[in-house]
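Reader: Before I set up any calculation on this predicted model, I would like a close look at one part, the pairing between side chains of opposite charge. Please take that part slowly, and then place it beside the pockets and the surface.

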Amino acid sequence: ILEIPSELRDFSSLTIPIPRSSLKHFKDKIEAFRNEIMSEVNAGSQDFFEVYQINLQLFPVTKTKG
C-alpha cells in the first residue's frame, strides 16, 4: 500500500452508532452507491489503464443481542 502514491488511493473509515431499525436503510444506501459507481463505469470510456478495488463494509463492532 505504501508503494502506491496517495493521489491514487483513498482509505477512510467511520465507526458510528446505528439503530438496528435503520440497518436496512444504510445497507440500501451502500447498494445504491455500488450501483451508481457501476453505472458510471459502464457508461464511461473503454480506454481502461488500471483496475481499482472498492471495498465497503458494514458490520457490528459491538456485541449483538440475539
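Author: Lys24 forms a salt bridge with Asp28, and the closest N and O atoms of the pair are 2.9 Å apart, which lies within the 4 Å cut-off applied to such contacts. Side chains of opposite charge can pair when their charged atoms come close. Lys24 and Asp28 are separated by about one helical turn because they stand four residues apart in helix α1. As for their surroundings, Lys24 is exposed, with a relative accessible area of 57%, whereas Asp28 is partly exposed, at 36%. By the rule used here, the count comes to one salt bridge.

Turning to the surface, Ile1, Ile4, Leu8, Phe11 and Tyr52 form a nonpolar patch that has about 550 Å² of accessible area together. Within this patch, Phe11 is exposed, with a relative accessible area of 61%, and Phe11 is found in the segment before α1, the helix that spans 23-43.

Tyr52 also appears among the residues that line the second largest pocket, which include Phe33, Arg34, Glu50 and Leu56 as well. That pocket has a volume of about 330 Å³, and its lining comprises nine nonpolar, no polar and two charged residues. The largest pocket, by contrast, has a volume of about 1,600 Å³ and is lined by 35 residues, with Ser13, Leu14, Leu56, Gln57 and Leu58 nearest its centre; by class, this lining has 20 nonpolar, eight polar and seven charged residues.

Notes: Residues numbered from 1 in each chain as written. Predicted model: local features only at pLDDT ≥ 70, side-chain atom pairs only at ≥ 80, totals over all residues. Heavy atoms only, no water. 1 Å grid on protein atoms, 1.4 Å probe; cavity = no way out; pocket = protein on both sides within 12 Å on 5 of 7 lines; lining within 4 Å. Points joined across faces, edges and corners; volume = space filled by probe spheres on them. Nonpolar A, V, L, I, M, F, W, Y, C, P; charged D, E, K, R; others polar. Patch = residues over 30% accessible without salt bridge, like charges linked within 9 Å, V, L, I, M, F, W, Y side chains within 5 Å. Areas by Shrake-Rupley, 256 points an atom, 1.4 Å probe, with all protein chains shown as cover. Salt bridge = Lys/Arg side-chain N within 4 Å of Asp/Glu carboxyl O. Helix = DSSP H or I, 4+ residues; strand = E, 2+ residues; numbered from the N terminus. Buried < 20%, exposed > 50% of the residue type's maximum accessible area, 1.4 Å probe, protein only.
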